[in-house]
Amino acid sequence: MGAQGSVPQVRAKDVKRVCEGRHGWLNKAGLTNTKMQKRWCAIHDLRLYYYETARDAEPKGVVFLRGAIVTHSKRVKMAIEIETGSLITEKGVEKRTYFFTPVADASVSAYQDEEVIRKQRRKAKLQLDQWYTWLQEESAKTFTPA
């Protein structure tokens, strides 16, 4: 689960209330579990929480963004790639890689006209760019001493 063994048990609705609108549906995969899974995601306090639904009592996992590298993926089409290195074990620092893609519009079919398909692609690109900006901003934050 996430980049560290201890996952903060925060309800989705509580994260939604404090995440300043930085939430929504994304597909998530990793290097080992490569199947894309639809997840409700929210960014707060240097973490990307992901849930099965927007009403879950606890997250499926958390990506710790402090020090993470957030890029447009070259391995997965139309995806954000997040590399973390914050899990410290007896072997040292272990890195995790996550891929997040926009959730496709369920109403789009292969038989729709080209203009509809182009609009859906633009919408997905805008969604991807918004999440990329949010993740870049959050991963660039640092803790300041009190």
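## Worked exercises on a predicted fold

Read along the sequence, this protein follows the pattern α-β-β-β-β-β-β-β-α. The model is predicted, so let's treat it as a friendly practice piece.

**Exercise 1.** Work out how many helices and strands the protein has.

*Solution.* Start with the pattern, which opens with α, continues through a run of β and closes with α. The tally comes to two helices and seven strands.

**Exercise 2.** Find which strand pairs with S3 (residues 47-51), and in which direction the two run.

*Solution.* Begin with the bridges: four of them join S3 to S4, and these strands run antiparallel. Next, pick out one residue, Tyr-49, whose bridge partner in S4 is Val-62.

**Exercise 3.** Sort the residues of S4 (residues 61-64) by the way they point, and decide whether they are buried or exposed.

*Solution.* Take one side to begin with: Gly-61 and Val-63 point one way. Val-62 and Phe-64 point the other way. Now check burial: all of these residues are buried. For the protein as a whole, 36% of the 146 residues count as buried.

**Exercise 4.** Determine how many disulfides the structure holds, then classify Cys-19 and Cys-41 as buried or exposed.

*Solution.* The structure holds zero disulfides. For burial, the cut-off is under 20% relative accessible area. Cys-19 counts as buried because its relative accessibility is 0%. Cys-41 is also buried, because its relative accessibility is 0%.

**Exercise 5.** State what share of the accessible surface belongs to carbon and sulfur atoms.

*Solution.* The accessible surface of the protein comes to about 9,000 Å². Of that area, 52% belongs to carbon and sulfur atoms.

Note on methods
Residues numbered from 1 in each chain as written. Predicted model: local features only at pLDDT ≥ 70, side-chain atom pairs only at ≥ 80, totals over all residues. Heavy atoms only, no water. Helix = DSSP H or I, 4+ residues; strand = E, 2+ residues; numbered from the N terminus. Buried < 20%, exposed > 50% of the residue type's maximum accessible area, 1.4 Å probe, protein only. Areas by Shrake-Rupley, 256 points an atom, 1.4 Å probe, with all protein chains shown as cover. Pairing = 2+ DSSP bridges. Disulfide = S-S within 2.5 Å.
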